[in-house]
Amino acid sequence: MQQVPLGSSSLQISRLAYGCWRIAGSWDPSEVTPATEAAGRRAIWAAFEAGYTVFDHADIYCRGVAETLFGKVLQEAPGTRDRIVILTKCGIRPQNTPAAGTPTRYDFRADYIIDSCEQSLRRLRIETIDVYQLHRPDYLMNPEEVAGAFDRLRKAGKVREFGVSNFRPSQFSALQKACPMRLLVNQIEISLSHLSPFEDGSLDHCLQEKITPFAWSPLGGGHLGDGARRVLPSQQGYFNSRLVAALDRVADDRGATRPVVALAWLLKHPAGIVPIVGSTDPERIRNAAAAASLHLSHEEWYELLTAARAEPLP
Ligand code: NAP
């Protein structure tokens, strides 16, 4: 797959990323079985073999089980670590952890960031995380405190680069101003089913600052795919038959498939959006990689935008 620079850094990544949220087969570690683990291994191997070289994780994906599984597969794939870029995230603390009665909360206190990073390193069985991201903005974020934690992690060789996720441009800028290093990534939900980053300044900010936008749920959690949909509560209402029909029309014209066209639509944006492919099906993981070589025309792009919008363009 085509390689591109990550933000303004010297890291090179594949044009599409592979997302490890679903590889453990569940949110709940108690539901992980040898069969779900074997399916996760097949998905990871399919992504390695299809040329994905950038992998997205989070500490909360199946409460660490996704990172642990990935770490095991990495150990069985000699030489792979040096050829891939690993992203992971911290900052979301589910309710009742570590103590019963605690609420779901976001936590960017320095000790928590550092401790989370060390645990991710252990689970992934690696020395250094390539890009460490803050998962969702902590309402109580103190930029100076976060910057201090990042600096300690970088100086200790535990993290190479940093980024954020689900940050508004103003939150990104507030943190960037305090940080001694450039933040490279903002991971946000972007798809034909979720157009707000095109209009709320998020992508303009990425363009202006040379930040790489990573698109989570690039198929709207499956609404733009051709298989099962296991979507987040916020994605329940995404289904749009007009959009699906328009995607199928373009796919027919181009000898492609609906999900490949939906991913290629993201790739056309000049901010250099990196869609994070979230399928756990080896064939779908391989097929999605074809988006990297499908170049949509300006007119096709607008035809799809128009089908995706509730109202015609003014
Ligand atoms: P997605 O690509 O929008 O949805 C993937 C889902 O669509 C899977 O359940 C998949 O099922 C289904 N699907 C159906 N047909 C498909 C097809 N033809 N090709 C591909 N998938 C198809 O992405 P996502 O999984 O919601 O998110 C992708 C990644 O984004 C995650 O793994 C995670 O790394 C990241 N993420 C980040 C955040 C954040 O807050 N930062 C939030 C959510 C996700 P099968 O597995 O059966 O193929």
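**Exercise 1. Find out how well helix α9 is covered, and by what.**

*Solution.* Step 1: start with the count. Nine of the 10 residues of α9 are buried, so this helix is mostly covered (buried means under 20% relative accessible area, exposed over 50%, and partly exposed in between, with a 1.4 Å probe and protein chains only). Helices here are DSSP runs of H or I with at least four residues, strands are runs of E with at least two, and both are numbered from the N terminus.

Step 2: name the residues. The buried ones in α9 are P259, V260, V261, A262, L263, A264, W265, L266 and L267.

Step 3: look for the cover. The elements that cover these buried residues include α6 (196–199), β11 (212–216), α8, β12 (274–277), α10 (282–288) and α11 (298–308); contact means heavy atoms within 4.5 Å.

A word on the model before you go on: it is predicted, so local features need pLDDT of at least 70 and side-chain atom pairs count only at pLDDT 80 or more, while totals for chains, interfaces and linings use all residues. Residues are numbered from 1 along each chain as its sequence is written, and side-chain values use heavy atoms, with hydrogens and water left out.

**Exercise 2. Describe how α8 and α9 meet.**

*Solution.* Step 1: take the geometry. The axes of α8 (residues 241–254) and α9 (residues 258–267) come within 8 Å and cross at roughly 95°. Axes are lines fitted to C-alpha atoms, for helices over the stretch in contact, and angles run from 0 to 180 degrees between N-to-C directions.

Step 2: put a word to the angle. The two helices are therefore roughly perpendicular to each other (angles under 35 degrees count as roughly parallel, over 145 as roughly antiparallel, 65 to 115 as roughly perpendicular and the rest as oblique).

Step 3: list the partners. V244, L247, D248, V250 and A251 of α8 meet R258, V261 and A262 of α9.

Step 4: sort them by class. This contact has six nonpolar, no polar and two charged residues. Ala, Val, Leu, Ile, Met, Phe, Trp, Tyr, Cys and Pro count as nonpolar, Asp, Glu, Lys and Arg as charged, and the others, Gly among them, as polar.

**Exercise 3. Do the same for α3 and α4, then check the length of α3.**

*Solution.* Step 1: α3 (residues 110–124) and α4 (residues 143–155) pack at about 30°, with their axes 8 Å apart. That angle makes α3 roughly parallel to α4.

Step 2: on the α3 side, the contact is made by A110, I113, I114 and C117, and on the α4 side by E145, V146, A149, F150, R152 and L153. By class, these residues are eight nonpolar, no polar and two charged.

Step 3: a general rule helps you read such lists. An α-helix has 3.6 residues a turn, so residues three or four places apart point the same way.

Step 4: for the length, allow 1.5 Å a residue: the 15 residues of α3 should span 21 Å, and its end C-alpha atoms are 21 Å apart, which agrees. The expected span is 1.5 Å times one less than the number of residues.

Step 5: see what comes next. R125 follows α3, and its phi is positive, near 55°.

**Exercise 4. Compare the angle of α1 and α2 with the cut-offs.**

*Solution.* Step 1: α1 (residues 34–49) and α2 pack at an angle of about 55°, with axes 10 Å apart. That makes α1 oblique to α2.

Step 2: the contact brings together E37, G40, R41, I44, W45 and F48 of α1 with L69, F70, K72, V73 and L74 of α2. Seven of these residues are nonpolar, one is polar and three are charged.

**Exercise 5. Place two single residues, A17 and P94.**

*Solution.* Step 1: A17 is in strand β3 (residues 17–19) and is buried, with a relative accessible area of 0%.

Step 2: A17 and P275 are 258 residues apart in sequence, yet their C-alpha atoms are 6.1 Å apart in space. Leaving aside neighbours within four places in sequence, A17 is in contact with Y52, V54, F214, V274, P275, I276 and V277.

Step 3: P94 is in the loop between β6 and β7 (105–106). P94 is buried too, with a relative accessible area of 18%.

Step 4: beyond its neighbours within four places in sequence, P94 contacts I60, R63, P103, T104 and R105.
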